[in-house]
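Student: Could we go through this structure together, one question at a time? I would like to learn how to reason from what I see.

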Amino acid sequence: MGSGWHIEKRANIRIESFAREDENVPEIESLAIIVLGASGDLAKKKTFPALFNLFRQGFLPPNEVHIFGYARSKISDDDLRNRIRGYLVHEKTVTPKDLADVTKFLQLIKYVCGAYDSTEGFQLLDKEISEHEVAKNSTEGSSRRLFYLALPPSVYPSVCRMIRHNCMNKTDLGGWTRIVVEKPFGRDLQSAEELSAQIGELFEEPQIYRIDHYLGKELVQNMLVLRFANRFFLPLWNRDNIDNVQIVFREDFGTDGRGGYFDQYGIIRDIIQNHLLQVLCLVAMEKPISLKPEHIRDEKVKVLQSVLPIKDDEVVLGQYDGYRDDPTVPDTSNTPTFATMVLRIHNERWEGVPFIIKAGKALNSRKAEIRVQFKDVPGDIFKCKRQGRNEFVIRLQPSEAMYMKLTVKQPGLEMHTVQSELDLSYGQRYHGVTIPEAYERLILDTIRGDQQHFVRRDELKAAWEIFTPLLHRIDDGEMKPLPYKPGSRGPAAADELLEKAGYVQTHGYIWIPPTL
């Protein structure tokens, strides 16, 4: 008998599918997808590649779908196609079939030039869309129009007004018009409410899809399943067993030419108020009564409304050395590129459990993860407390994984304990399975009319209510970021805050993503 380890190939994964109670019959009328801001970076790097991947997987049939780009740039259809061509496939791995798919996809794209406040431009856009709908033999009023605003929020009101007055589909025969808006949705509570009111006057809430691409990530979408489909988590997921929760976003690069844009917002508005707060909601929410989008979003709003005001002594801000060297950044900038803070949820489940939110640029690693740290074992007969606590870690990116840190007996004749893990690494377990990009999922959800992974107006308001007082103190210069060196962990005061909040760091243990 051999004593070596071996990997056993498993049979194909058995997938249990479920349908929502309110699932609609698939729509087969013509679909027009309009990308506003089509010549910009977001459109060419994210929106068009996501549409291409949906197309090649069969979700955007060419006999139903046409894609329109709209922007101020005076370019032709072919100019736009050539701009985005290089972002659709990777040159190193491209195949003849990929190139054929790219050619077919690009033929679906037509460009319309116009200003974002121009009635003539949007009337021309409407004329082009209508011609497509007629060519697809759609019954008037039954076709579908999806407007994706890959634009800065400052032009949302004028663009939405132009769409409402010039490009709406008639809805009396089952057709629809939907708009997708990107973050940042406002700078604080007042500006977000003003923006919501302006768009709310033009569109109903079911027509508005406020996109947060973190809600489209595979491991974020897994949170509800993990929490509510596994019995052993149910009795553990509360203040009796969990000591603290960390939600971390780290980048190992700085603003990289986006300094002027980033300086208008800072790390809290750019990452924490939206992405990480959405993750917190999924970690902390109660079980919804069903998987209907409104039931899920109701529970998320309850969490946000239970968050206590943030204390100044539970916030550490940082700005990396060299940030102000960017010529687009003011020499006196007070904008944080790093922030660690403690949020506290005042409810029965989480009273006393600190939620530590941490985000930063130019740090020593790149990762995003959720780290749930459990309390010490009472009556520790193995004296293993010094090795660290049990933790459940969900690695959102890169190297998607979830693992449970456990204390086990070290192999050998002596009774020594050591930390190890139960590990589900997606690259190993689901070898050969491509994890979709977040934008692909969310655009498909928009087409299907599923708002589960989009931010509702009252949810947005509750999120801004948490952070607006802190942001105003930073904007007014009352709170200053501490300097830190690029490539470090951030300001030392951030680690001191983690320790003060109760987080116990494990020394001598490093999780290494397994290889095939």
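Tutor: Happy to, and we will take helices, the core, cysteines and a few loop residues in turn, bearing in mind that this is a predicted model.

Student: Are helices α1 and α3 roughly parallel or roughly perpendicular to each other?
Tutor: Two packed helices are described by the angle and the distance between their axes. Here α1 (residues 41–56) and α3 (residues 96–106) have axes that come within 10 Å and cross at roughly 110 degrees. Angles of 65 to 115 degrees count as roughly perpendicular. Therefore the arrangement of α1 relative to α3 is roughly perpendicular.

Student: How many residues of the contact of α1 with α3 are nonpolar?
Tutor: Let's list the partners: α1 brings Phe48, Leu51, Phe52, Phe55 and Arg56, while α3 brings Asp98, Asp101, Val102, Lys104 and Phe105. Four of these residues are charged and no polar ones appear. The nonpolar residues number six.

Student: Is Phe105 buried or exposed?
Tutor: Phe105 sits in helix α3. Leaving aside neighbours within four places in sequence, Phe105 is in contact with Phe48, Leu51, Phe52, Phe55, Ile67 and Leu88. Buried means under 20% relative accessible area. Phe105 has 0% relative accessibility, so it counts as buried.

Student: How far apart in space are Phe105 and Arg81?
Tutor: Along the sequence, 24 residues separate Phe105 and Arg81. The distance in space is taken from C-alpha to C-alpha, and it is 9.5 Å.

Student: Which helix gives the most residues to the largest nonpolar core?
Tutor: That core has 148 residues, and Ile268 and Met341 have the most contacts inside it. The top helix contributes 12 residues and spans residues 266–284. Its name is α10.

Student: What does Ile268 touch, not counting residues up to four places away in sequence?
Tutor: Ile268 and Met341 are the residues with the most contacts inside the largest nonpolar core. With those sequence neighbours set aside, Ile268 touches Gln273, Leu317, Ala339, Met341, Phe467, Leu470, Leu471 and Ile474.

Student: How many disulfides does the structure hold?
Tutor: A disulfide needs two cysteine sulfur atoms within 2.5 Å. The sulfur of Cys113 has its closest cysteine sulfur in Cys167, 15 Å away, so that is too far for a bond. For Cys167 the closest cysteine sulfur is in Cys160, and at 11 Å this is also too far for a bond. The number of disulfides is zero.

Student: Is Cys113 buried, partly exposed or exposed?
Tutor: Partly exposed covers the range between the buried cut-off, under 20%, and the exposed cut-off, over 50%. Cys167 is buried, at 0%. Cys113 has 31% relative accessibility, so it counts as partly exposed.

Student: How far apart in space are Tyr209 and Thr446?
Tutor: Tyr209 is found in strand β6 (residues 208–211), and it is buried at 1% relative accessibility. Tyr209 has contacts that include Arg178, Val180, Asp445, Thr446 and Phe454. In sequence, Tyr209 and Thr446 are 237 residues apart, but their C-alpha to C-alpha distance is 7.1 Å.

Student: Which helix holds Arg441?
Tutor: Arg441 is a buried residue, with a relative accessible area of 16%. Among the residues it touches are Gly216, Lys217, Glu218 and Gln221. The helix covers residues 438–448 and is α13.

Student: What is the relative accessible area of His132?
Tutor: His132 is found in helix α4 (residues 119–135). The residues His132 touches include Ser30, Leu31, Glu64, His66 and Phe68. His132 is buried, with a relative accessible area of 7%.

Student: Where is Pro398, the residue after the cis peptide bond from Gln397?
Tutor: The peptide bond from Gln397 to Pro398 is cis, with omega near -20 degrees. Ser399 shares a loop placement between β12 and β13, and has a positive phi of about 50 degrees although it is not a glycine. Pro398 lies in the loop between β12 (391–397) and β13 (401–409).

Student: Is Ala362 buried or exposed?
Tutor: Ala362 lies in the loop between β10 (354–360) and β11 (367–374). Its phi is positive, about 60 degrees, although Ala362 is not a glycine. With a relative accessible area of 5%, Ala362 is buried.

How values were computed. Residues are numbered from 1 along each chain as its sequence is written. This is a predicted model: local features need pLDDT of at least 70, side-chain atom pairs count only at pLDDT 80 or more; totals for chains, interfaces and linings use all residues. Side-chain values use heavy atoms; hydrogens and water are left out. Axes are lines fitted to C-alpha atoms, for helices over the stretch in contact, and angles run from 0 to 180 degrees between N-to-C directions. Helices (H or I, at least four residues) and strands (E, at least two) are DSSP runs, numbered from the N terminus. Angles under 35 degrees count as roughly parallel, over 145 as roughly antiparallel, 65 to 115 as roughly perpendicular and the rest as oblique. Contact means heavy atoms within 4.5 Å. Ala, Val, Leu, Ile, Met, Phe, Trp, Tyr, Cys and Pro count as nonpolar, Asp, Glu, Lys and Arg as charged, and the others, Gly among them, as polar. Buried means under 20% relative accessible area, exposed over 50%, partly exposed in between (1.4 Å probe, protein chains only). A nonpolar core is a set of buried Ala, Val, Leu, Ile, Met, Phe, Trp, Tyr and Cys residues joined through side-chain atoms within 4.5 Å.
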